[in-house]
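User: I would like to learn how to read a structure model, one feature at a time. Where do we begin?

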Amino acid sequence: MSVIPGSPDQLSDEWLTSALREDGVLHQASVTAHKMELAETQGAAAVVARVQLEYDRPEPGAPRSLVAKFASPYEPIRVLMHVFGGYLREVEFYRHFGADPGISTPHCFHAEIDSASGVFVLLLEDLSAARVADPASPSVEDTDLAVRHLAAFHAKWWNHARLRDLTFLRYPGGPADQIFIAQGRAALAAALPVVAARFGSAFPRTLVILAERMLANLDGAADTRRQVIEGGVTLVHGDFHPGQLFFPSERGGRFAVFDWQTVSAGSGGDDLARIIVTALTTEQRDASDMRLIELYHSLLLEHGVTGYGIERCREGFRQGLLMNAVINVIAAANIDPDLDSAGLSTTEITDIFFGRAAAAIEAHGVLDDMPA
């Protein structure tokens, strides 16, 4: 392969041909032309483009379109993702788990990264026939479906030996986890004043208190998390919210999960809390969260998980609420100020990132367990 293309305009017919041949989807045909357009909704941490392909001859199975993904051009979020290893993790996820992840994902035709610079490219299956949930129209039905898929995924990797063997997964308590905790402390400390200044009164006092207590006793909070996770480590998406999910639509498509930059070995409660809190209004969450936790737990047991009681599951969810809030504070400080380019409005940021997160923290008494 030639130099890694770092942006959509660096793609060439020759490079695309080489990448698809390396994957095995092309044998005789060559790409003779391609048309590129940016996806209508861009993620906060990357650039996504849809690429239409033309070939010099017909070849069964050759994709007529695909999705290309690159690092964000916005320096603060690009540097943050590179320092935290997000781009590397996503590439490694597709390399190591793409064939059988236990949950539907877009097929990956090519995954490549320069680990020194963070320049990367992914060529992924085009799932544009599917539907991405609208944050303005929260759906209990979509959330229920996501939780069902999530439980089967977590059960597949529950206490799996392979999770310890792959260093990019940051196994709880391991050296990479210790580095991540230190990085998290620094990122949260830097983010807190930025978010307070940027969002003012829209930044809830509950989240300010949570962040301050986390910074004052992060080692204790990490020890508590390790105790909760012990005996129940699984493969975790890490940012399992509706904007990362495809759903079947009238045009077709299927349920699938994308954006694996935050994949790790850890607590399934983190994914469970993130989808329930971000996918539902506070009123919907109040009415549904206990049922969804119990659904998730019962499906874990149906898929073979043992020794994991409902109370441990509920505590994992509460710990997940804490992580959800911390992630949101750090993300809100680093996201591109042109929020609409990331598919988010200021109202959605303050409601989903702050309002829903704070309400869930209060409803489940998470601050009560944190030293003042």
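Analyst: We begin with confidence. This is a predicted model. Its mean pLDDT is 91, and 96% of the residues score at least 70.

User: Which elements of the protein have the lowest and the highest mean pLDDT?

Analyst: Helix H2 (residues 75-83) has the lowest, at 82. Helix H10 (residues 282-302) has the highest, at 98.

User: Next, salt bridges. How many does the structure hold?

Analyst: The count is 23. To be counted, a side-chain nitrogen of Lys or Arg must lie within 4 Å of a carboxyl oxygen of Asp or Glu. One of them joins Lys-69 to Asp-259, with 2.4 Å from N to O. This pair connects distant parts of the chain, 190 residues apart: Lys-69 belongs to strand E3 (residues 65-71), and Asp-259 to the loop between strand E9 (256-257) and strand E10 (264-267).

User: Are Lys-69 and Asp-259 buried or exposed?

Analyst: Both Lys-69 and Asp-259 are buried. Another pair to look at is Arg-274 and Asp-239, whose closest N and O atoms are 2.6 Å apart. Here too distant parts of the chain are linked, across 35 residues: Arg-274 sits in helix H9 (residues 268-279), while Asp-239 is in the loop between strand E7 (233-236) and strand E8 (245-247). Arg-274 and Asp-239 are both buried.

User: Where do Arg-226 and Asp-223 lie?

Analyst: Both are in helix H8 (residues 218-229), three residues apart, which is about one turn of the helix. Their salt bridge has its closest N and O atoms at 2.5 Å.

User: Why is Arg-226 classed as partly exposed?

Analyst: Because its relative accessible area is 26%, and the class runs between the cut-offs of 20% and 50%. Asp-223 is also partly exposed, because its value is 37%. Asp-223 and Arg-226 further belong to a network of salt bridges with Arg-170 and Asp-177.

User: Last, the sheet. What is the order of the strands in the open sheet of five?

Analyst: The order is E1-E2-E3-E5-E4, and the pairing is antiparallel. Strand E1 (31-38) and strand E4 (108-113) are the edge strands, each pairing on one side only. On average, neighbouring strands of this sheet are turned by 25° against each other, direction ignored.

User: How many bridges do E1 and strand E2 pair over?

Analyst: Seven, in the antiparallel sense, with E2 spanning residues 46-55. To follow one bridge, start at Leu-38: its bridge partner in E2 is Ala-49.

Methods: Residues are numbered from 1 along each chain as its sequence is written. This is a predicted model: local features need pLDDT of at least 70, side-chain atom pairs count only at pLDDT 80 or more; totals for chains, interfaces and linings use all residues. Side-chain values use heavy atoms; hydrogens and water are left out. Helices (H or I, at least four residues) and strands (E, at least two) are DSSP runs, numbered from the N terminus. Buried means under 20% relative accessible area, exposed over 50%, partly exposed in between (1.4 Å probe, protein chains only). pLDDT is the predictor's confidence in each residue, from 0 to 100. Two strands pair if DSSP finds at least two bridges between them. Axes are lines fitted to C-alpha atoms, for helices over the stretch in contact, and angles run from 0 to 180 degrees between N-to-C directions.
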